[in-house]
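Subject: Structure for your files

Hello,

Here is the structure I said I would pass on. My notes on what was found in it follow below.

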Amino acid sequence: ALEVLSSVLAEGRELRLRLPETKRLQTAWDLQSWLHVARPLLSSRAHIDQVEALVKEANQKSLMAPEVQAMKNALDEANTVRFKLSKARERQTGLVALRQVFEKAEDEMFGGMVVEIPEVEETKERIKRCEDWSMRAKATLFDSTERPSLALLEKLFEEYSCLGAYVEPHEALRSRLAEGTSWLRKTRRLVGDEMLVADTAAEGGSEVTGDTTMADAVDSGAAWAEGETPRKRVGPSAAGGTVNKKPKKGSGIGAAPRLVSVDAVKELLEEEKKLRVGVSEAEALAKRVAEFESWQGQVHEIVSSGSFGDGSSWLASLKEQGEKIGMELGESGAALEQHTWRAKVAEVLQLAEKDGQQLANLK
């Protein structure tokens with residue numbers, strides 16, 4: 001029929017006829033052409049873009065037929081599903097609700113026709129990412145025999161913030177992060193950043209390289225604790241490359257660090273052990289404590305033996321080494337100062353005795 005209509009219409013055009021039948025013939029040909037494409041789709045599958053194009057064509061040509069109305073109804077229903085999926089994504093629906101919206105959209109038939117909607121496939125992938133994240137997060141928080149590190153939890157939360165859905169165990173994750181970042185803030189206020197550098201030998205003026213400061217981590221932790229999405233600070237590194245931060249005078253790195261009580265640091269370390277998250281900075285503090293106790297043992301051995309070692313200058317440098325560790329020197333420091341003074345007295349007396357002998361030899 002379509003071929004016959006096309007042939008007759010072409011014949012009329014050649015004759016340049018302008019009769020009422022010509023317009024009716026054109027309308028019939030338009031409808032048959034449209035149905036030739038649309039009918040197979042109404043009982044099978046079609047992408048929503050294809051459905052939109054057919055409905056647009058039918059409207060432009062004012063086509064009237066049950067199939068045209070069926071196609072319009074299918075498009076309206078598909079757009080409703082599309083809207084629901086978009087809204088679910090915008091308002092961060094829970095994973096269970098997201099699954100329900102997806103399952104309804106995936107199985108829905110539009111008058112015997114399956115309309116392929118891109119958002120359905122996107123939602124399917126999103127659900128898969130959510131389920132994968134949930135599985136990994138639960139394994140990290142509940143199944144492991146070891147405490148997860150704060151860095152690992154930060155990474156998990158960063159991934160979670162990109163999912164766009166409420167996925168368990170996000171509340172447990174927030175709670176753990178709050179513990180770790182709260183301890184880190186408290187520790188930083190007490191001991192300063194310089195104490196969180198494990199190797200005190202590296203503090204002698206070398207540049208510290210990095211893109212994220214301790215303040216960044218603390219600020220992010222505060223945001224997590226309040227249930228907000230953390231924002232990374234934007235600095236010179238945002239333009240690319242690595243930021244070289246030179247130590248400021250008296251700021252700690254490359255200068256004498258803030259002196260704190262070793263007992264206070266030990267108390268912090270005991271608190272960290274009770275956390276449900278491991279904070280890497282605690283390892284740096286533990287190394288500081290071990291270093292300080294080693295220094296104390298050395299001082300005790302020297303003072304107890306009465307030896308002046310290589311002299312008062314060497315003893316003074318030993319005290320400086322203790323101060324660089326960042327702990328209050330306490331009784332050990334006082335004993336070392338007294339011992340250093342005795343070494344100076346011994347050196348002066350020895351020098352005076354030597355000068356006296358030289359004077360006697362001159363006489």
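Lys61 is partly exposed, at a relative accessible area of 36%. Its side chain meets that of Glu57 in a salt bridge, with 3.2 Å from N to O. Glu57 is also partly exposed, with a relative accessible area of 23%. Please keep in mind that this is a predicted model.

Glu57 belongs to helix H3, which covers residues 48-60. The 13 residues of H3 should span 18 Å at 1.5 Å a residue, and the end C-alpha atoms are 18 Å apart, which agrees. Buried residues in H3 are Ile48, Val51, Leu54, Val55 and Ala58. Viewed down the helix axis, the buried residues of H3 fall within an arc of 120°, so they line one face of the helix. An α-helix has 3.6 residues a turn, so residues three or four places apart point the same way. Lys56 and Gln60, on the other side of H3, are exposed.

After H3 comes Ser62, with a positive phi near 55°. Ser62 is a residue other than glycine, which is why I mention the sign of its phi. Ser62 sits in the loop between H3 and helix H4 (66-90), and is exposed, with a relative accessible area of 55%.

Another backbone point concerns Glu168 and Pro169, which are joined by a cis peptide bond with omega at about 10°. Pro169 is placed in the loop between H7 and H8.

Now the other salt bridges. The structure holds 17 of them. One of these is between the side chains of Arg136 and Glu159, at 2.7 Å from N to O. Arg136 lies in helix H6 (residues 118-143) and Glu159 in helix H7 (residues 150-161), so this salt bridge ties together parts that are 23 residues apart in sequence. Both ends are partly exposed: Arg136 has 31% relative accessibility, and Glu159 has 23%. The two residues are also part of a network of salt bridges that links Asp132, Arg136, Lys155 and Glu159.

A further salt bridge joins Arg276 to Glu179, with the closest N and O atoms 2.6 Å apart. Arg276 is in the loop between helix H10 (262-273) and helix H11 (280-305), while Glu179 is in helix H8 (residues 170-191), so the pair ties together parts that are 97 residues apart in sequence. Arg276 is partly exposed, with a relative accessible area of 37%, and so is Glu179, at 22%.

Last, the aromatic rings. The count comes to three aromatic pairs. In one of them, Trp133 and Tyr160 have ring centres 5.1 Å apart and planes at 35°, so the pair is tilted. Trp133 lies in helix H6 and Tyr160 in helix H7, so these rings tie together parts that are 27 residues apart in sequence. Trp133 counts as buried at 1% relative accessibility, as does Tyr160 at 6%.

Phe292 and Trp295 form a stacked aromatic pair, 5.8 Å centre to centre with 20° between the planes. These two residues are three apart in helix H11, and are therefore separated by about one helical turn. Both Phe292 and Trp295 are buried. As for clusters, Trp133, Phe157 and Tyr160 form one aromatic cluster.

Regards

Technical notes:
Residues are numbered from 1 along each chain as its sequence is written. This is a predicted model: local features need pLDDT of at least 70, side-chain atom pairs count only at pLDDT 80 or more; totals for chains, interfaces and linings use all residues. Side-chain values use heavy atoms; hydrogens and water are left out. A salt bridge is a side-chain nitrogen of Lys or Arg within 4 Å of a carboxyl oxygen of Asp or Glu. Buried means under 20% relative accessible area, exposed over 50%, partly exposed in between (1.4 Å probe, protein chains only). Helices (H or I, at least four residues) and strands (E, at least two) are DSSP runs, numbered from the N terminus. The expected span of a helix is 1.5 Å times one less than its number of residues. The arc is that of the directions from the helix axis to the C-beta atoms. Rings of Phe, Tyr and Trp (its six-membered ring) pair if their centres lie within 6.5 Å; planes under 30 degrees apart count as stacked, over 60 as edge-to-face and the rest as tilted.
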